[in-house]
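The report below works through one structure, moving from a strand pair to a helix, a loop, charged and sulfur-bearing side chains, and the core.

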Amino acid sequence: MFSFSSAQIKFLKTKEGTAMVQMGDAIAVERCVQHLNNIPIGNDGKIQIAFSKQNFLSEVTNPYTLPDHTPSFKEYTGSKNNRFLSLTQASKNRIQPPSKILHFFNTPPGLTDEQLIAAFSNNDCHPSQVRMFPLKSERSSSGLVEFPSVALAVQAIMKCNHTAIDHKGTKFPFIMKLCFSSSKTMNGAWNNENIENMKQGSAIPTTPGAEDEPMQAR
C-alpha cells in the first residue's frame with residue numbers, strides 16, 4: 001500500500017501490530033500521513049499513521065518471523081515492486097486518495113474477467129465489478145476493478161498487489177500492479193477513456209501515473 005517508494009519496513013516485537021516505515025524522502029512521508037491515516041481496512045480494521053521521531057531505520061541483522069512467515073524487517077531500496085524506479089517516473093505520479101475503484105495493470109494480454117476475479121478471490125477479496133480496457137498492446141492488459149467499499153478496496157491492495165498471474169506462451173508469470181483510481185464510477189471511467197481515445201485517434205486508454213513496462217517474475 002505504501003507505493004510512494006518505500007525504503008525499509010520494520011515491525012516492532014514489543015508492540016504487536018505496529019511497524020515503522022522509512023520512505024524515500026520527507027514528502028513521501030507527509031503524503032502517507034495525509035492520505036492513509038485512519039483509513040478503514042476490510043470489515044473492522046483501521047490503519048493509523050503518525051510521524052516518527054527517528055530520522056532513519058537501522059538495519060536489523062537478525063529479524064524475527066511474523067505470523068505469515070515473512071521477516072519482521074526488510075529492505076526495499078531498488079526493489080522491482082516499487083512503483084517508480086527513477087525520479088523521472090516519480091515526477092509523473094498523480095497522487096490519489098483511497099477509493100473503492102482500483103486501477104489494475106501489467107496483467108497478461110487476453111486476461112478474462114473470470115481470471116481477474118479469481119486472482120482476487122484466491123486472496124479472499126471479492127470485487128463487485130470489473131472493466132477491461134481495450135488492449136494498449138499485445139504485451140499486457142489493464143482496466144478497473146470495483147469493490148463494495150473503500151475499506152475492502154484497501155484490503156485488496158494490501159493482499160493482491162504484485163500477485164503473479166500465469167499466461168500461456170510466457171516462461172514467467174505477469175506481476176499484477178494495483179493503485180487507487182481517480183474514477184468515481186465504473187461507467188463514467190469507461191466513457192471518459194473512450195472519449196479520450198477518440199480524441200487521440202486510437203483505442204488506447206490513458207492510465208494513472210507513469211508508463212510502466214510489463215514486468216514478469218523471474
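## The pairing of S6 and S11

In this predicted model, strand S6, covering residues 101–107, runs antiparallel to S11, and the two are joined over 4 bridges. Within this pairing, Phe105 is the residue that stands opposite Lys177 of S11.

Strand S11 itself spans residues 177–180, with Lys177 and Cys179 pointing one way and Leu178 and Phe180 pointing the other way, although the residues on both sides are buried. For Cys179 the relative accessibility is 10%, and it therefore counts as buried, the cut-off being under 20%.

## Helix H4 and what covers it

Helix H4 occupies residues 150–160, and its buried residues are Ala151, Ala153, Val154, Ala156, Ile157 and Cys160. An α-helix has 3.6 residues a turn, so residues three or four places apart point the same way. The cover over the buried residues of H4 includes strand S3 (39–41), S6, helix H3 (113–121) and S11, so that both partners of the strand pair described above take part in it.

## The loop after H4

The loop between H4 and strand S9 (164–165) holds Thr163, and His162 is placed in that loop as well. Thr163 has a relative accessibility of 15% and so counts as buried, whereas His162, at 26%, counts as partly exposed. The side chain of Thr163 reaches back to the backbone oxygen of Cys160 at 2.6 Å; apart from neighbours within four places in sequence, Thr163 is also in contact with Asn123, Phe174, Ile175 and Met176.

Which backbone angle sets His162 apart from what its residue type would suggest? Most residues other than glycine have a negative phi, but His162, which is not a glycine, has a positive phi of about 70 degrees. Asp124, in the loop between H3 and strand S7 (129–132), also has a positive phi, of about 60 degrees, and is likewise not a glycine.

## Charged pairs and cysteines

How many salt bridges does a search of the whole structure find? The search returns 1, in which the side chains of Lys100 and Glu146 meet at 3.6 Å, N to O. This pair links distant parts of the chain, 46 residues apart, with Lys100 in the loop between helix H2 (87–90) and S6, and Glu146 in strand S8 (residues 141–146). Side chains of opposite charge can pair when their charged atoms come close. The two partners differ in their surroundings: Lys100 counts as partly exposed because its relative accessibility is 32%, while Glu146, with a relative accessible area of 11%, is buried.

A search of the whole structure for disulfides finds 0. Cys32, at 3% relative accessibility, counts as buried, as does Cys179 at 10%.

## The nonpolar core

In soluble globular proteins, nonpolar side chains tend to be buried together. The largest nonpolar core in this model has 29 residues, and those with the most contacts inside it are Leu102, Phe104, Leu116, Phe120, Phe147 and Met176. Helix H1 (26–36), S3, S6, H3, S7, H4 and S11 each supply at least two residues of this core, and H4 gives the most, with 5 residues.

Several of these elements have appeared already: S3, S6, H3 and S11 are among those that cover the buried residues of H4, and Met176, one of the core residues with the most contacts, is in contact with Thr163 in the loop that follows that helix.

How values were computed. Residues are numbered from 1 along each chain as its sequence is written. This is a predicted model: local features need pLDDT of at least 70, side-chain atom pairs count only at pLDDT 80 or more; totals for chains, interfaces and linings use all residues. Side-chain values use heavy atoms; hydrogens and water are left out. Buried means under 20% relative accessible area, exposed over 50%, partly exposed in between (1.4 Å probe, protein chains only). Two strands pair if DSSP finds at least two bridges between them. Contact means heavy atoms within 4.5 Å. A polar contact is a pair of N or O atoms within 3.5 Å; within protein, one must be able to donate a hydrogen and the other to accept it, and residues adjacent in sequence count only if both atoms are side-chain atoms. A disulfide is a pair of cysteine sulfur atoms within 2.5 Å. A salt bridge is a side-chain nitrogen of Lys or Arg within 4 Å of a carboxyl oxygen of Asp or Glu. A nonpolar core is a set of buried Ala, Val, Leu, Ile, Met, Phe, Trp, Tyr and Cys residues joined through side-chain atoms within 4.5 Å.
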